[in-house]
Structure formats: C-alpha cells, structure tokens
2 protein chains.
Amino acid sequence: MKETQGAASGLVRLTFLVQNLYADVGRDCDLTAAQAQMLCSLADRSIGMAELSGMLCLERSSLTGLVDRAQQRGLVVRENDPHDRRAVKVTLTPEGSKALHRFNDELTERLDKLLADLPATERDRFAKTLNRVIAEAPAVSGH
Amino acid sequence: MKETQGAASGLVRLTFLVQNLYADVGRDCDLTAAQAQMLCSLADRSIGMAELSGMLCLERSSLTGLVDRAQQRGLVVRENDPHDRRAVKVTLTPEGSKALHRFNDELTERLDKLLADLPATERDRFAKTLNRVIAEAPAVSGH
DNA sequence: CAAATTACTTCGTGCCACGAACAATCTCAA
DNA sequence: TTGAGATTGTTCGTGGCACGAAGTAATTTG
C-alpha cells in the first residue's frame with residue numbers, strides 16, 4: 001500500500017522532471033513543447049486537423065493556432081486533401097523534419113543519461129513496466 | 001541499447017499520460033496545473049516568493065501573476081515577513097488547503113488505478129526504480 | 001554613508017487552450 | 001435529387017502562463 005503511494009508520488013515527480021527536460025531540449029531547438037509534440041505526431045505522415053487534434057488532446061480551435069504559428073516558422077505546411085475539399089492535411093517541411101530529428105536526438109540522449117546509472121537489468125525491467133502501463137492505460141483521459 | 005531507447009520513448013509517453021491526468025484532476029478541482037503545483041509546494045509551510053519561484057522553476061515575474069490569480073480565487077494569501085519588510089510569505093488559506101487535499105486525493109486515486117493492474121512485485125520494483133531515478137537526477141535542469 | 005544586493009512588482013510580448021459561432025463541404029435517406 | 005444533419009476547419013473573444021527588461025523599496029556590506 002505504502003509502495004503504491006510512493007509510486008504515485010514518484011510518478012508525479014518524475015513526470016515534472018521529464019517535462020522540464022522536454023521543455024529544455026525544446027528551447028535548444030527553438031521549439032515550444034506544444035510544437036515539439038506536434039512535430040512528433042507528424043513524423044511519418046500527413047495528418048488532418050481533426051485527427052491531429054485527437055492525437056494531441058486539443059480542441060480543434062486550439063490546433064488552428066498551433067499550426068498557424070508552426071507554419072509561419074516554416075516547420076509545417078497545410079495541404080489540400082484531393083478527396084475532401086473541406087479537409088486540410090498538415091505535413092512537415094524539410095526544415096520541420098530537421099528540427100524534429102535534432103529534437104529527438106537530443107531528447108533521447110538526455111533521457112538516456114537520466115537512466116544511465118541504472119543497472120542494465122533494472123533498466124530493462126523498468127522499460128518493460130513502463131510500456132505495460134502505457135499499453136493498459138484506459139484510453140487517454142476523460143474528455 | 002534498444003531497451004534504453006524503448007525506455008526513453010516510453011518515459012515520454014508516460015509523462016504525457018500523467019500530465020493529462022494531472023490536468024484532468026485539476027479541472028475537477030477547479031485548479032490549473034500551475035496552481036495545483038504551487039499549492040503542493042505550500043502544503044506544509046509559508047514560503048517566500050524567491051524560494052517558491054526556485055521550487056517551481058519559474059521566474060519571479062511569472063510567479064507574481066500566478067500568486068495574484070490564486071489569491072483572487074482565495075486559495076492563498078500574501079503575508080508580511082516581520083524580519084524583512086521587502087519579503088512576502090505566501091500561505092495557503094483554509095480553502096486553498098481544502099482544494100489541495102481534494103486534488104491530492106483524487107490524483108493519487110487515479111494514479112493508483114493506473115498502476116492497479118501491475119502485479120505487486122512488479123509495482124514495487126517499479127516504484128523503487130522510480131525513486132532511484134529521481135534521487136539521482138542531476139539537480140533540476142540547466143537554467 | 002554610499003554602493004551593491006536582494007525581494008518583489010509592473011509592463012509589454014507571445015504562446016497556449018478553451019468554447020461559441022460560423023462557412024464550406026459532404027453524406028445519407030426520403 | 002434534394003434537403004436535413006453531420007463533419008471539417010476557422011475566427012473571435014477570453015483567460016492563464018511564462019519570459020525579460022525595467023523599476024521601487026528595503027537590506028547588507030565595505
């Protein structure tokens with residue numbers, strides 16, 4: 001019981017730690033946290049606004065602004081969907097893709113450093129549990 | 001190697017999951033994430049603006065506004081420090097304290113639920129690793 | 001006591017997120 | 001086919017959050 005409490009509180013603290021790290025790396029790459037998160041979602045394919053807002057847990061109206069600003073910075077473009085004239089597909093520009101890779105590289109480097117002191121066995125177990133928790137997570141949250 | 005990568009990516013995903021949960025619970029308690037975090041720091045004692053901004057990794061000017069809004073909502077008060085007339089001590093009001101407890105209770109409940117499916121042994125190990133990573137974390141971040 | 005330091009606030013800027021209201025387009029069923 | 005209803009995305013107004021530069025008041029230090 002007490003361990004579970006410890007886990008809850010530890011989880012929160014780790015979350016803020018990683019969150020700060022995330023923001024920090026974003027700074028180095030001239031990306032806000034929201035932008036970085038969006039670029040990650042666009043890594044391998046174009047995505048419509050509706051689907052993207054679902055992925056990021058954002059209202060569509062929020063996403064509009066986010067994409068606007070990212071587009072102004074040349075990270076992203078809006079493309080027309082030939083099958084649906086209402087729809088818009090958001091796509092990474094080459095520059096956006098480059099920024100994403102820089103971000104990802106630095107982020108994983110810093111995260112690896114965070115876990116570097118762990119013995120290999122413990123780290124592997126940790127990763128396994130991590131993935132299990134994510135996989136079993138009840139959808140996203142209650143919207 | 002691959003496991004470490006998995007750990008890094010898993011860590012980020014879990015972080016966002018918990019972050020959303022955190023914001024969600026905040027909503028239920030009529031607290032923003034920043035407010036909730038601040039209330040947690042004030043749980044057991046009054047804290048000056050400078051120290052508080054250090055804890056929350058915020059510029060002082062940012063904190064001024066945060067405290068302003070929290071004060072307007074009656075969660076917090078500014079008190080004079082008798083030993084230093086420049087200084088201000090931020091303190092929870094009874095109402096702020098009540099909000100904090102509601103928040104904490106609901107948060108740990110939801111987090112426990114997140115880990116509920118884990119076998120006890122795995123959960124304990126997870127908690128242990130969690131705390132170890134936090135303890136060894138290199139200060140906060142590079143400011 | 002004068003200069004440097006510290007504690008906090010103010011102001012201006014920009015990003016982020018929400019919800020309500022709206023236009024354009026698409027779908028489906030009568 | 002056509003008209004009601006759903007879906008896609010945007011605009012607008014509001015509010016919160018965070019930063020940095022500049023400023024005020026009080027304290028410390030040489």
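**Exercise 1. Work out in which pattern helices and strands follow each other along chain A.**

*Solution.* Start at the N terminus of this predicted model and read along the sequence: chain A gives α-α-β-α-α-β-β-α-α. Next, tally the elements: the secondary structure of chain A comes to 6 helices and 3 strands. To put dimensions on the fold, take the principal axes, along which the C-alpha trace spans about 55 × 35 × 20 Å. Finally, look at the contacts: of those in chain A between residues at least 6 apart in sequence, 48% join residues at least 24 apart.

**Exercise 2. Find which residues of α4(A) are buried, and explain how they are placed around the axis.**

*Solution.* Begin with the helix itself. α4(A) holds 13 residues, and from first C-alpha to last it reaches 18 Å, close to the 18 Å expected at 1.5 Å a residue.

Now pick out the buried positions, remembering that "buried" calls for 20 or more other C-beta atoms within 10 Å. They are A:L63, A:L66, A:V67 and A:A70. These four lie on the same side of α4(A) because the arc they cover around the axis is only 95 degrees. Turn to the other side of the helix and you meet A:S61, A:G65, A:D68 and A:Q72, which are exposed.

What do the buried residues of α4(A) pack against? Their partners are α2 (33–41), α3, β2 (76–81) and β3 of chain A. One last stop: just after α4(A), A:G74 adopts a positive phi of about 75 degrees.

**Exercise 3. Describe the protein surface near DNA strand C: which residues come nearest, and which element gives the largest share?**

*Solution.* First, count the neighbours. There are 23 residues around DNA strand C, and A:T32, A:S61, B:M49, B:A50 and B:S61 come nearest. Then assign them to elements: those giving two or more residues are α2, α4 and β3 of chain A, along with α3 (49–56), α4 and β3 of chain B. The largest share, 5 residues, belongs to α4(A). Sorting by class yields 7 nonpolar, 8 polar and 8 charged residues.

**Exercise 4. Repeat the analysis for DNA strand D.**

*Solution.* Again, 23 residues surround the strand, the closest being A:M49, A:A50, A:S61, B:T32 and B:S61. The elements with two or more residues here are α3 (49–56), α4 (60–72) and β3 (84–92) from chain A and α2 (33–41), α4 (60–72) and β3 (84–92) from chain B. For DNA strand D, α4(B) supplies the largest share, 5 residues. By class, this surface has 7 nonpolar, 8 polar and 8 charged residues.

Technical notes:
Residues are numbered from 1 along each chain as its sequence is written. Chains are lettered from A and ligands numbered from 1 in the order in which they are written. This is a predicted model: local features need pLDDT of at least 70, side-chain atom pairs count only at pLDDT 80 or more; totals for chains, interfaces and linings use all residues. A residue is near a molecule or strand if its C-beta atom, placed from the backbone, lies within 6 Å of it. Ala, Val, Leu, Ile, Met, Phe, Trp, Tyr, Cys and Pro count as nonpolar, Asp, Glu, Lys and Arg as charged, and the others, Gly among them, as polar. The expected span of a helix is 1.5 Å times one less than its number of residues. A residue is buried if 20 or more other C-beta atoms lie within 10 Å of its own, exposed if 12 or fewer, and partly exposed in between; C-beta atoms are placed from the backbone. The arc is that of the directions from the helix axis to the C-beta atoms. Two residues are in contact if their C-beta atoms, placed from the backbone, lie within 7 Å.
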